[in-house]
Amino acid sequence: MIISNHFERELIILHIILTNKSTTLTLLSEEIAIPKLTIKGDILKLNNYFVEHTKNENDLIISNNQGIISINPMFSDNIITYFYQLKLALSNNSTLFRLCVLLLTNYSISKQQILDHLFISEAYLLKLCSQLNGYLSQFDLSVNSTNQIYSLKGNEICLRMFSYTILQDNFQGMEWPFDSTTPIVNFDNSNSAISLTKNHALYLFSEIVQQRFLNDNFLVIDPDDSLYDLLKLLQESYDVTKLFNKSPFENLSENVADSEKLYLNFFARIFLSDLISSETKINLGRKFQEFDHPACRLANEIYSKFSNVFLEPISANENGIYLYYLTIFNILYSLIGDKYVLFLELMIPVPHLNINKTDDYMNRIKKEIAELFEDKALENYIAALLYTVSSFKKSTTLKLYIQMSKVFTAVYVIEKRIQTIFNTNNIVFTNNFSEADIVITDSFEKNRLTKYFSTWIPSTTRTGG
């Protein structure tokens with residue numbers, strides 16, 4: 001991790017406590033396999049951080065005479081806010097993290113600017129760069145230093161994904177990480193359908209790519225590339241770039257702008273998945289079924305094999321959504337290979353995947369699809385995706401708005417989970433944030449109207465795939 005192990009551990013402890021109504025030192029010790037004395041010390045530190053950073057006089061985490069540990073009820077209404085405030089504060093306590101953010105938010109920066117900003121020596125900067133390089137190498141990235149100017153270099157796709165994941169997961173809209181002016185809401189439908197969290201995410205995405213554009217770093221795909229027509233189909237189904245009032249592509253040449261729009265639309269399916277309605281995903285999945293491309297053909301073969309072990313009959317809509325997710329993941333894997341889990345591990349807490357599941361159902365899935373894969377890592381990802389999505393089955397209809405930014409299959413899975421619990425006559429899922437009665441989110445969301453409230457679905461909930 002970019003932050004120190006003890007800061008990461010403290011955040012994990014805080015997350016476990018706030019996502020459980022009550023726990024104990026013993027249970028915490030068993031779950032994260034560290035001594036109870038260490039956990040007790042971490043809780044004291046968390047309470048000290050809380051008092052320091054929020055100016056509250058009472059402890060965030062309390063315990064009673066029976067040793068039951070829980071969140072102080074006086075703070076329970078704003079616990080999401082407090083969690084992300086503490087998360088950002090603890091991250092900023094790490095000089096390595098702050099160096100990483102400097103490099104992510106500045107295409108290039110002088111040595112002296114770094115030293116002045118971080119209040120460190122030149123020798124310590126060299127040590128930090130060595131540490132950061134060791135971490136970045138797994139993403140095919142590195143810190144480059146030429147004539148005392150520092151910058152990040154490497155795989156352009158990984159660099160953009162790394163930038164977005166680090167900045168979105170840690171800053172959550174509470175602070176703007178770039179030196180540029182903090183953005184004002186400026187999207188076509190930002191006053192109605194899209195939540196503030198998604199507006200911020202779009203701005204962040206836009207700022208990252210614009211920084212790359214200004215320094216002539218582009219993602220260009222040849223129209224003859226087999227992936228081109230598939231990405232074009234994605235864009236035609238729902239063009240995310242049309243949400244921008246001011247296009248980040250306007251000063252690019254036509255072929256570069258077209259390529260960049262294709263890539264942005266694809267990565268919006270990964271990082272901003274809930275911008276796209278379920279109906280659009282289903283319809284696209286049906287088109288994938290007929291589309292002649294290796295990613296689509298593999299998705300169809302996987303789905304055909306999976307149908308032999310599925311627990312219940314699959315509806316036409318579910319058929320579409322499965323093919324959508326399978327194809328999207330096949331495209332992602334073709335672009336970044338076995339790095340998907342590395343990007344998930346950048347987040348705290350790490351979103352849960354079912355890759356290590358070993359129950360009978362998972363074994364049946366793997367046995368059925370095994371002959372389709374030479375790449376064991378891809379097989380494990382696909383099996384985990386199928387296991388997760390198919391674990392929550394039934395059809396649906398309260399006005400709930402769901403936004404999940406950490407795992408792109410999460411919205412569908414949560415919808416299905418809710419459908420299995422509640423009377424479907426009383427539930428309606430909406431894509432319009434402003435009309436929602438309840439907002440379910442894994443991100444920090446500032447209240448826009450007091451009638452709304454958020455229900456936090458923690459990222460360790462079994463939603464990944």
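Here, buried means under 20% relative accessible area. That cut-off comes up again in the close-ups below, which are drawn from a predicted model.

**View 1. R269, a buried arginine in helix α11**.
Start with the side chain you might want to check: R269 sits in helix α11. Its relative accessibility is 1%, so R269 counts as buried. Setting aside neighbours within four places in sequence, R269 is in contact with L234, S237, Y238, V240, I276, Y324, I328 and F408. For another distance to check, go to K281: R269 and K281 are 12 residues apart in sequence, and their C-alpha atoms are 9.6 Å apart.

**View 2. Helix α11 packing against helix α14**.
Zoom out from R269 and you get the helix pair. Helix α11 covers residues 254–271 and helix α14 covers residues 316–336; they pack at about 120°, with the axes 11 Å apart. That angle makes α11 oblique to α14. The crossing of α11 past α14 is left-handed. On the α11 side the contact is made by Y263, F266, F267, R269 and I270, and on the α14 side by Y324, I328, I331, L332 and L335. Sorted by type, the residues of this contact come out as 9 nonpolar, no polar and 1 charged.

**View 3. The largest nonpolar core and its best-connected members**.
This core has 161 residues, and L60, F162, F266, F267 and F329 touch the most other members. Helix α14 supplies the largest share of the core, with 13 residues. Now pick out F162. Leaving out neighbours within four places in sequence, F162 is in contact with I2, C100, L104, Y135, L136, F139, L141, F343 and L346.

**View 4. Helix α5, mostly covered**.
Two of the F162 partners, C100 and L104, are among the buried residues of α5. The helix runs over residues 95–105, and 10 of its 11 residues are buried. The buried set is T95, L96, F97, L99, C100, V101, L102, L103, L104 and T105.

**View 5. Y381 in helix α17**.
Y381 belongs to helix α17, residues 376–390. With a relative accessible area of 4%, Y381 is buried, since buried means under 20%. Apart from neighbours within four places in sequence, Y381 is in contact with F329, Y333, D338, Y340, V341, L353 and I355. Y381 and F329 are 52 residues apart along the chain, yet their C-alpha atoms are separated by 8.8 Å. F329 also appears in View 3, as one of the core residues that touch the most other members.

Key. Residues numbered from 1 in each chain as written. Predicted model: local features only at pLDDT ≥ 70, side-chain atom pairs only at ≥ 80, totals over all residues. Heavy atoms only, no water. Axes fitted to C-alpha atoms, helices over the stretch in contact; angles between N-to-C directions. Helix = DSSP H or I, 4+ residues; strand = E, 2+ residues; numbered from the N terminus. Parallel < 35°, antiparallel > 145°, perpendicular 65-115°, else oblique. Left-handed = near helix turned anticlockwise from the far one by under 90°. Contact = heavy atoms within 4.5 Å. Nonpolar A, V, L, I, M, F, W, Y, C, P; charged D, E, K, R; others polar. Buried < 20%, exposed > 50% of the residue type's maximum accessible area, 1.4 Å probe, protein only. Core = buried A, V, L, I, M, F, W, Y, C linked by side-chain atoms within 4.5 Å.
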